[in-house]
Amino acid sequence: LYFRTMAWTTTDKLQLAQTVVLGAALGMTAWQIHVAVQQLKADSRASSAVALGTVMTATSDMRWRILEDPSLNAALTSNAKATGLSQQERVAVLRGMIISYYSFIYNIHKLGQIPDDSWSAMRADMHEFFTNKENLERWDKVKKLYQGDFQSFVEHELLQRPE
């Protein structure tokens, strides 16, 4: 009722137009901030994935060099003899390296850096690995080293063990 009886002056109309424009500008600014935050999160995940990849590559290269040189095998396991690891011990170390690799792949997936179609194939490969009796025995020995999401993923999704 108040607005019907009020006479709108040119100044009133301009102030109303300014208010509408200001509201639209604030909405647009909020949307731009939202888009920028989403891009920043995506960039951060990509950067984390690159960092993880760099660390994994360096670690893998180092482990392979140590595994190939019997005199350095003691760096991989405390039960290595001066002559190096036995074939069985080398296989156990290799199984541990594969578990670390799968942990890396899982973390890269969690960062959103692996496409879904690639992830399903990798997940199937992980399932095949972890359900192998010898690999499962190795996992049971080292799983306490993998806290959090990866351990839960292996235990409850891949191996479907009850909680």
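## Exercises on an aromatic cluster and helix packing

Tyr101, Tyr102, Tyr106, Trp119, Phe129, Phe130, Trp139, Tyr146, Phe150 and Phe153 belong to one aromatic cluster. The model is predicted: local features require pLDDT of at least 70 and side-chain atom pairs pLDDT 80 or more, while totals for chains, interfaces and linings use all residues. Residues are numbered from 1 along each chain as its sequence is written, and side-chain values use heavy atoms, without hydrogens and water.

**Exercise 1. Describe the overall make-up of the protein chain, giving its helices and strands and its buried share.**

Step 1. The chain contains six helices and zero strands (DSSP runs, H or I of at least four residues for helices and E of at least two for strands, numbered from the N terminus). In sequence order the pattern is α-α-α-α-α-α.

Step 2. Of its 163 residues, 23% are buried (under 20% relative accessible area with a 1.4 Å probe, protein chains only; exposed is over 50%, partly exposed in between).

Step 3. Consider contacts (heavy atoms within 4.5 Å) between residues at least 6 apart in sequence: 53% of them join residues at least 24 apart.

**Exercise 2. Determine how helices H4 and H6 are arranged and which residues form their contact.**

Step 1. H4 covers residues 116–131 and H6 residues 149–158; their axes come within 11 Å and cross at roughly 80 degrees. Axes are lines fitted to C-alpha atoms, for helices over the stretch in contact, with angles from 0 to 180 degrees between N-to-C directions.

Step 2. H4 and H6 are therefore roughly perpendicular (65 to 115 degrees; under 35 is roughly parallel, over 145 roughly antiparallel, the rest oblique).

Step 3. H4 contributes Trp119, Arg123, Met126, His127, Phe130 and Thr131 to the contact, and H6 contributes Phe150, Phe153, Val154, Glu157 and Leu158.

Step 4. By class, seven of these residues are nonpolar, two polar and two charged (nonpolar: Ala, Val, Leu, Ile, Met, Phe, Trp, Tyr, Cys and Pro; charged: Asp, Glu, Lys and Arg; polar: the others, Gly among them).

**Exercise 3. Classify the ring pairs of Phe150 with Phe130 and with Phe153.**

Step 1. The structure holds 14 aromatic pairs (ring centres of Phe, Tyr or Trp, the last by its six-membered ring, within 6.5 Å; planes under 30 degrees apart are stacked, over 60 edge-to-face, the rest tilted).

Step 2. For Phe130 and Phe150 the centres are 6.3 Å apart and the planes at 65 degrees, an edge-to-face pair. Phe130 lies in H4 and Phe150 in H6, so this pair ties together parts 20 residues apart in sequence. Both Phe130 and Phe150 are buried.

Step 3. For Phe150 and Phe153 the centres are 6.5 Å apart and the planes at 35 degrees, so the pair is tilted. Phe150 and Phe153 are three residues apart in H6, which corresponds to about one helical turn. Phe153 is buried, as is Phe150.

**Exercise 4. Place Asn135 in its helix and describe how that helix packs on H3.**

Step 1. Asn135 belongs to helix H5, residues 133–142. With 9% relative accessibility, Asn135 counts as buried.

Step 2. Leaving aside residues up to four places away in sequence, Asn135 touches Arg95 and Phe129.

Step 3. H3 (residues 87–110) packs with H5 at an angle of about 75 degrees, the axes being 10 Å apart. H3 is therefore roughly perpendicular to H5.

Step 4. Ala92, Arg95, Gly96 and Ile99 of H3 meet Glu134, Asn135, Arg138, Trp139 and Val142 of H5. This contact comprises four nonpolar, two polar and three charged residues.
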